[in-house]
Amino acid sequence: MNERYDSVILHFIARVFLVPLIIVFGIYVLLHGELSPGGGFQAGAIVAAALLLVRLTLGNRQGALRIPQGLLIWLACIGLGVYMFGGILPLILGDNFLDYARIPVEWYNQFAGEPRTARSMGIFIIEVGVFFGVVAVLVLIYDLLAGSSRQ
Amino acid sequence: MIDEIAARFPYWATAVLLVVGLYGMMGKRSLVKQVIGLSIFQSAIILFFISGSLLEGATIPILYSVHGEGHANPDDFVNPLPHVLMLTAIVVGVAITGVALSFLVSIYREFGTLDERELLDEVRG
Amino acid sequence: MRVLMFEFLAALIALLIWASADLPDRADPLAPANQHLSPELTELTESEVVIPNLVSAILADFRSYDTLGETFVIFTAGLAVLLVLQVSRRVPEESPDE
């Protein structure tokens with residue numbers, strides 16, 4: 001749909017300055033999901049915005065080469081798989097589905113063994129799954145809709 | 001008077017947005033404008049829920065007392081449940097808009113138009 | 001039918017504004033949602049799920065089944081867009097002469 005526009009200022013500001021900054025901020029929002037305002041959905045939307053900015057500046061054809069469509073479908077499946085893993089892991093350890101009180105996190109930090117550390121870890125697993133799912137699906141929808149009139 | 005307006009304003013804005021969205025879905029012939037109306041309707045719902053979560057003199061729902069001393073007073077935080085519901089509703093809304101737009105692309109490729117009446121004429125033959 | 005649409009919409013907006021008189025005021029501490037739900041969730045988060053972010057605690061712990069469903073919905077939406085656009089693109093390529 002949109003073609004590459006060759007402008008040094010545009011490419012420098014967008015690709016060298018803004019995209020890494022937005023991605024770093026998105027990962028910060030993901031990692032601080034249980035400590036400060038943040039979480040998987042928000043971080044996914046932020047990182048998807050950065051990836052769409054790459055596609056807008058480079059043009060769809062070149063921009064989509066960075067993360068091709070097959071990889072996006074795999075990412076969406078991996079996100080759902082991580083979520084289901086976070087649900088089934090407590091089931092294996094003898095708790096209910098999605099009840100994280102006994103996830104083993106001895107390597108996590110000095111609070112290991114307490115239920116609150118396990119719950120924090122479980123929530124983090126869930127949010128990573130949601131993050132990958134949201135990023136992949138938002139970018140996939142944009143790619144398909146924007147590339148569809150190209151043929 | 002001012003107090004009454006300030007207490008009711010989110011509900012009035014919600015009502016206006018709901019009706020604007022409904023008008024977009026009912027009164028417009030272009031399917032793209034109907035999708036835009038759907039999106040406006042959805043943002044009215046989101047505004048209603050978020051305005052329902054507000055609380056006088058409250059702040060964001062982050063419990064800094066968890067890793068520190070003391071107990072959290074529930075009156076200090078806005079109601080977190082509407083935020084959770086709308087957080088998922090926003091992302092699902094984007095997905096719904098994506099699916100609707102993909103249907104529009106498919107319809108345009110098949111019939112060459114996005115006008116409701118022309119589509120009905122074409123389908124009825 | 002189209003003539004009645006504006007009357008219907010005007011009646012609807014009047015009905016909604018009239019009905020909003022029964023809703024609690026904006027930011028009212030005595031509203032039922034703020035009286036019952038919020039204190040219980042805050043208390044449970046502080047004692048059971050010991051993380052600071054209430055929204056994440058509700059999203060990924062109290063309502064994790066709901067979030068699982070939302071993730072499935074998003075995944076299905078991506079799959080639906082993929083199928084609708086890819087399949088309808090591939091049809092003319094297979095039969096270009098018809």
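A polar contact is a pair of N or O atoms within 3.5 Å; within protein, one must be able to donate a hydrogen and the other to accept it, and residues adjacent in sequence count only if both atoms are side-chain atoms. The views show a predicted model, in which local features need pLDDT of at least 70 and side-chain atom pairs count only at pLDDT 80 or more, while totals for chains, interfaces and linings use all residues. Residues are numbered from 1 along each chain as its sequence is written, chains are lettered from A and ligands numbered from 1 in the order in which they are written, and side-chain values use heavy atoms, with hydrogens and water left out.

**View 1. Helix H3 of chain C and its N-terminal cap.**
Helix H3 of chain C spans residues 54-62 (helices are DSSP runs of H or I of at least four residues and strands runs of E of at least two, numbered from the N terminus). At the N-terminal end of H3(C), C:Asn53 acts as the cap, with a side-chain oxygen 3.1 Å from the backbone nitrogen of C:Val55. H3(C) is largely enclosed by the rest of the structure, because eight of its nine residues are buried (buried means under 20% relative accessible area, exposed over 50% and partly exposed in between, with a 1.4 Å probe and protein chains only). The buried residues run from C:Leu54, C:Val55, C:Ser56 and C:Ala57 to C:Ile58, C:Leu59, C:Ala60 and C:Asp61.

**View 2. The interface of chain A and chain C, with the salt bridge of C:Asp61.**
C:Asp61, one of the buried residues of H3(C), forms a salt bridge with A:Arg119, and the closest N and O atoms are 2.9 Å apart (a salt bridge is a side-chain nitrogen of Lys or Arg within 4 Å of a carboxyl oxygen of Asp or Glu). The rule finds one salt bridge across this interface. Between chain A and chain C, nine residue pairs are in polar contact, both residues at pLDDT 80 or more. On the side of chain A that touches chain C, two or more residues each come from helix H4 (69-92) and helix H5 (115-147) of chain A. H5(A) gives the largest share of that side, 14 residues. Sorted by class, the side of chain A has 21 nonpolar, eight polar and four charged residues (Ala, Val, Leu, Ile, Met, Phe, Trp, Tyr, Cys and Pro count as nonpolar, Asp, Glu, Lys and Arg as charged, and the others, Gly among them, as polar). The contact involves 33 residues of chain A and 26 residues of chain C (contact means heavy atoms within 4.5 Å). About 2700 Å² is buried between chain A and chain C, with carbon and sulfur atoms giving 72% (buried area is the accessible area, with a 1.4 Å probe, that two parts lose on being put together, summed over both).

**View 3. The interface of chain B and chain C, with the salt bridge of B:Arg8.**
B:Arg8 and C:Asp25 meet through their side chains in a salt bridge, 2.7 Å from N to O. One salt bridge is found by the rule across the interface of chain B and chain C. The polar contacts between chain B and chain C number 12 residue pairs, both residues at pLDDT 80 or more. Helix H1 (2-27) and helix H3 (80-111) of chain B each give at least two residues to the side of chain B that touches chain C. H3(B) contributes the largest share of this side, 17 residues. By class, the side of chain B consists of 34 nonpolar, 12 polar and six charged residues. From chain B, 52 residues take part in the contact, and from chain C, 47 residues. The area buried between chain B and chain C is about 4300 Å², and carbon and sulfur atoms account for 72% of it.

**View 4. B:Thr113 in the loop between H3 and H4 of chain B.**
The loop that holds B:Thr113 leads from H3 to helix H4 (116-124) of chain B. B:Thr113 is buried, at a relative accessible area of 11%. A polar atom of the B:Thr113 side chain lies 3.1 Å from the backbone nitrogen of B:Asp115. The side chains of B:Thr113 and B:Glu118 make a polar contact at 3.0 Å. Leaving aside residues up to four places away in sequence, B:Thr113 touches B:Ile107, B:Tyr108, B:Glu118 and B:Leu119.

**View 5. A:Asn60 in helix H3 of chain A.**
Chain A has five helices and zero strands, in the order α-α-α-α-α from the N terminus. A:Asn60 belongs to helix H3 (residues 60-66) of this chain and is buried, with a relative accessible area of 7%. Between A:Asn60 and A:Ile27, 33 residues apart in sequence, the C-alpha to C-alpha separation is 24 Å. Of the 151 residues of chain A, 49% are buried. Among contacts in chain A between residues at least 6 apart in sequence, 59% link residues at least 24 apart.
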